[in-house]
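Biologist: Could you take me through one part of this protein in some detail? I'd like a close look at a single sheet and whatever sits around it.

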Amino acid sequence: MTINWKKYILWFAQEHVDFRMGEFKSIAKLFDLRFQILTENTTNPYWVVEFPNDESALKFASRSIALRCVLELWSHGNSLTDFHKQLQSYTKENDKEINNYFKKDCSFKIIVETYNKHLKQAEKIQKIESLDYLPIEGNVDLKTPQVEWWYIEFWGLDPTNVPEKPDDVLFGRLISNGQRHLIKELSLKNRKFIGNTSMDAQLSLLMANQALVRDGDLVLDPFVGTGSLLVSSAKFGGYVLGADIDFMMLHARNRPSRITQKKREKDESIRENLKQYGCAERYLDVVVADFSNPLWNKRVKFDCIITDPPYGIREATEKVEMKQSNKSNVRTADMPHYPSTSHYCLQQLYADLLSFAANYLKIGGRLVCWLPFHREDYTEEIVPRHINLKLMGNSEQLLCGQTSRRLLTYEKHSDPELHDSNTQSGDFIVTEFRPRYFDNVTESRTERRLRKSELREQGRIEAMKRGKNLPDSRELKISLNKARFK
């Protein structure tokens with residue numbers, strides 16, 4: 001069957017660039033979209049892509065978080081001369097299809113967008129006036145236009161080496177905006193219940209897309225924390241479950257993360273988070289559980305497992321362990337029991353996580369998780385592998401210093417053998433993140449505080465020599481803290 005391809009411009013936000021391709025392919029698989037990517041350098045803020053029709057472009061835009069907007073491509077040139085020739089040719093060849101956009105009763109708007117170069121308002125108007133050969137008869141409407149066109153100039157990626165002329169000039173009709181409004185809607189700033197390691201809205205939504213969360217899917221986060229990943233999954237239609245070993249976190253009895261908050265509110269919980277975003281009916285439950293000892297029935301099958309295991313920095317990597325005690329005291333039924341915990345090494349944690357996914361995911365289900373590492377240590381050998389799981393995505397996010405983390409996406413293609421699935425894990429070596437994180441620090445916290453204190457004192461003495469009257473820094477700090485908590 002011959003496909004009549006149409007060209008479109010995908011205009012992306014220029015952040016988390018390494019996640020862009022993974023999200024694109026995941027959404028294409030989610031909706032079974034046919035496509036052809038024509039842009040060679042996928043780090044550019046725009047891609048020229050071919051879809052069979054507008055419906056395919058709209059489906060992609062309905063889920064993409066990285067996408068700003070999708071445009072129907074009318075002209076694309078490497079110089080202004082070629083660009084205008086192509087646009088004039090396009091309007092003549094497609095006169096019947098696009099004639100309705102130029103009628104008197106069709107209001108319009110033209111947006112001038114540039115990348116890596118700032119244009120003044122007068123220059124933008126000049127760009128618009130250069131398109132005077134378009135047979136537009138409608139009225140300008142800047143608020144609610146019936147048709148919206150975008151004029152785009154791309155001036156390269158290097159801000160220190162801006163070319164004299166734009167590398168690419170594009171023009172197209174707006175088809176749809178992406179879903180970036182969800183980033184603000186689900187922002188942690190306004191969320192009811194958050195913690196020290198709550199995943200930000202944008203990354204959690206990207207993870208949900210890569211997990212192929214569909215309406216009605218059963219989604220699990222085995223290291224749920226404050227439930228940020230459950231929120232994004234429920235927003236896309238999944239029914240969500242969570243588990244965590246931290247009793248105090250799940251019951252919102254730990255110390256609040258917001259500096260202006262002295263104690264937790266009584267109604268803070270993961271359920272309240274989902275209720276806040278209109279997803280309460282998709283919340284199933286969260287349980288206190290040790291991941292190293294799975295509690296789920298073998299008949300339970302999840303559509304997606306989305307998680308961010310603890311790294312041992314702000315949250316401890318722990319598991320329950322029985323310890324021998326020589327104490328003669330006998331515990332009675334009314335005495336509370338606090339189980340003993342021990343360190344849960346990352347090597348064993350990821351082996352357990354992949355084995356768990358191989359056992360409890362449906363065929364075609366996905367596991368999406370983060371892997372922390374020191375950039376000097378990264379090789380393909382440290383990426384966890386399992387014989388029943390196929391690695392579909394591996395995207396890097398830079399953290400502080402020499403540390404990074406990678407978002408790994410696995411897809412289950414077969415069931416484990418009847419014997420213990422732990423033997424199905426591939427050979428991989430996950431180094432402990434916490435020792436590498438702190439051993440790489442060039443100076444301790446105490447040394448850093450003393451160094452900064454000496455610099456402040458030196459600056460204060462130099463300022464006094466210049467005759468500047470400085471306030472008492474200690475008194476100033478106390479007064480600021482009083483004003484903050486008043």
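Modeller: Sure, and keep in mind that this is a predicted model. Let's start with one pair of residues: T307 has C369 in β14 as its bridge partner. That bridge belongs to the pairing of β11, residues 302–307, with β14, residues 361–374, and the two strands run in the parallel sense over 5 bridges.

Now step back to the whole sheet. It's an open one made of 7 strands, and reading across you get β10-β9-β8-β11-β14-β16-β15, with mixed pairing. At the edges you'll find β10 (283–288) and β15 (389–398); each has a single partner strand, so one side of each is left without a neighbour in the sheet. On average, neighbouring strands here are turned by 15 degrees against each other, if you ignore direction.

There's a helix to look at too. Helix α8, residues 228–235, lies across β8 (218–221), β9 (239–244), β10 and β11. Against β9, helix α8 runs at about 170 degrees.

While you have this part on screen, look for the cavity as well. Searching the whole structure for cavities of 30 Å³ or more turns up 1, and the largest cavity holds about 70 Å³ of space. Its lining is made up of L220, P222, A243, A289, D290, F291, N293, P294, L295, W296 and F356. By type, that lining splits into 9 nonpolar residues, 1 polar and 1 charged. L220, from the lining, falls in the 218–221 stretch of β8, and A243, also from the lining, falls in the 239–244 stretch of β9.

Note on methods: Residues numbered from 1 in each chain as written. Predicted model: local features only at pLDDT ≥ 70, side-chain atom pairs only at ≥ 80, totals over all residues. Heavy atoms only, no water. 1 Å grid on protein atoms, 1.4 Å probe; cavity = no way out; pocket = protein on both sides within 12 Å on 5 of 7 lines; lining within 4 Å. Points joined across faces, edges and corners; volume = space filled by probe spheres on them. Nonpolar A, V, L, I, M, F, W, Y, C, P; charged D, E, K, R; others polar. Pairing = 2+ DSSP bridges. Helix = DSSP H or I, 4+ residues; strand = E, 2+ residues; numbered from the N terminus. Axes fitted to C-alpha atoms, helices over the stretch in contact; angles between N-to-C directions. Contact = heavy atoms within 4.5 Å.
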